[in-house]
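User: Could you take a close look at the enclosed space inside this protein, and then tell me how the interior around the rest of the chain is built?

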Amino acid sequence: MHFSRAINIDDLRSLAKRRLPRAVFDYIDGGAEREVTLRENRRIWEDICFHPRNAVATPKPDTRVTILGTEIALPIVLAPLGSTRMFHPSGELAAAKAAGDAGIPYTLSTFSSYSFEELSKASNAPLWYQLYLAGGRAVVEATLAGAWKNGFRALAVTIDTNGPGMRERDFRNGAPQFMGKSFFAMMPFASQVIVRPRWLAGFLADRKHAMRYPNVLIPGKGPLPAMDVQASLRDSVVTWADLRWIREAWPGPILAKGVITGDDALRALDEGVAGMIVSNHGGRQLDCCRPTARALPEVLQAVNGRAEVYVDGGIRRGADVVKAICMGAKAVLIGRAYGYGLAAGGKEGVARAIAILKADIERTLVLLGCPSIRELNGTYVELPKSW
Ligand SMILES: Cc1cc2nc3c(=O)[nH]c(=O)nc-3n(C[C@H](O)[C@H](O)[C@H](O)COP(=O)(O)O)c2cc1C
């Protein structure tokens, strides 16, 4: 099947699986430890039922929403995904271009292999930047200045990475060996790459660029190399105290990414965030962490309208997006849904993923009898009694 004929995100996932070596596919697709949170994030959207208003004609539903003061075409933001140049050589550039064409924001990961300048030249999307404290405070302050100068206007500070998660698939597939420099250490894992010659040719031509992060410039060394990421995450954990100096260094709105309890939501409000993303990192960090749809009501209650609340995790259908908005989220972020599209077909693959979700959202609004995303509310859904 060609990606242009994919009718749902699972089709794009199957195409990505056929195009990528196992190590790269599993890096996108996998989660931490037993992958309980990865599975539950997705499954739990199915526990929420719709209450439609029948015999209502809404032929052209309006999908626009305003977030952080900017009107966007759909209540969707592309989430930060690190190292997407491994999925496809056009990586972050392709995703940001597709977001711009669709009229939705794009969030650039700290671990991007394209520079701020390249992104801002290529894309007309509202640009957000995701922050890890890689390299320490002085490096981060320079990075933030670079992001702002190049038109990035919102900052998502990821707070769910107290340390690296244990993604067992990555270890089984030899990710540490591929990241290392020893050719001999890679040998036992080479077969998974050799069976994907098209991917391999593209990757080898691009390898020099794909495995380093030009927005994180380490003094005296240059761009942070991919192989140093785990160590840099361990060395520079974000704490609430850091939010204070980050706020001094960033003139725009700050979002806390990785809020999963009401208590942390209150803590984030104390630090003056403009919004927060209910997220467990797509089930890639703490396994058996509560699924995000389950956490959303508690966070919304704690925030009580004092900041914008977004949610990500397990969103694969427009119906999931509509459910999140009915529950009170301003918008959702999607990660793997567009990551699979990028792997399947570069920019056009990301565009296909967004188009699938847009068509789903419009159809769901029509079937719900609701003329606009802005009119969705809790009366359109029924949450499980036990929540
Ligand atoms: C391949 C991959 C890489 C990711 N890299 C980052 C990252 O660099 N920074 C970050 O804050 N979150 C990262 N995330 C988490 C996403 O931003 C997002 O929270 C998650 O993908 C949402 O779940 P979903 O994939 O089920 O939509 C990554 C997720 C994936 C799948």
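Analyst: Happy to! A word on classes to begin with: Ala, Val, Leu, Ile, Met, Phe, Trp, Tyr, Cys and Pro count as nonpolar, Asp, Glu, Lys and Arg as charged, and the others, Gly among them, as polar. Please keep in mind that this is a predicted model.

Now to the space you asked about. Rolling a probe the size of a water molecule over the atoms shows where empty space is left. Here the structure holds 1 cavity of 30 Å³ or more, and the volume of the largest cavity is about 30 Å³. Its lining is made up of T110, Y129, L131, Y132, A134, V140, T143 and V216. Two elements, β6 (127-131) and α6 (137-149), give two or more residues to that lining. Sorted by class, the lining has 6 nonpolar and 2 polar residues, with no charged ones.

Next, the nonpolar interior. The largest nonpolar core contains 129 residues, and L12, L78, Y106, M276 and L376 have the most contacts inside it. Helix α17 (residues 336-368) is the element that gives the most to this core, with 14 residues. For L12, contacts beyond its neighbours within four places in sequence include A337, Y340, G341, A344, G349, R352, A353 and I356, along with F3 and A6.

Helix α2 (residues 22-29) is also worth a look: 7 of its 8 residues are buried, so the helix is largely enclosed by the rest of the structure. The buried ones are A23, V24, F25, D26, Y27, I28 and D29, with two aspartates among them.

At the other end of the accessibility scale is E248, which belongs to helix α13 (residues 240-249). E248 has a relative accessible area of 71% and is therefore exposed, the cut-off being over 50%. Its C-alpha atom lies 9.6 Å from that of E141, although 107 residues separate the two along the chain.

Finally, the cysteines. A search of the whole structure finds 0 disulfides. For C288, the nearest cysteine sulfur is that of C289, 9.2 Å away; C288 counts as partly exposed, at 47% relative accessibility. C370 is buried, with a relative accessible area of 0%. Why is the sulfur of C370 not in a bond with the one in C326? The sulfur in C326 is the closest cysteine sulfur to that of C370, but at 7.3 Å it is too far for a bond, because a disulfide needs the two sulfur atoms within 2.5 Å.

Methods:
Residues are numbered from 1 along each chain as its sequence is written. This is a predicted model: local features need pLDDT of at least 70, side-chain atom pairs count only at pLDDT 80 or more; totals for chains, interfaces and linings use all residues. Side-chain values use heavy atoms; hydrogens and water are left out. Helices (H or I, at least four residues) and strands (E, at least two) are DSSP runs, numbered from the N terminus. Buried means under 20% relative accessible area, exposed over 50%, partly exposed in between (1.4 Å probe, protein chains only). A nonpolar core is a set of buried Ala, Val, Leu, Ile, Met, Phe, Trp, Tyr and Cys residues joined through side-chain atoms within 4.5 Å. Contact means heavy atoms within 4.5 Å. On a 1 Å grid over the protein atoms alone, a cavity is a set of points where a 1.4 Å probe fits but cannot get out, and a pocket is an open set with protein on both sides within 12 Å along at least five of seven lines; lining residues have an atom within 4 Å of a point. Grid points are joined across faces, edges and corners, and a volume is the space filled by probe spheres set on the points.
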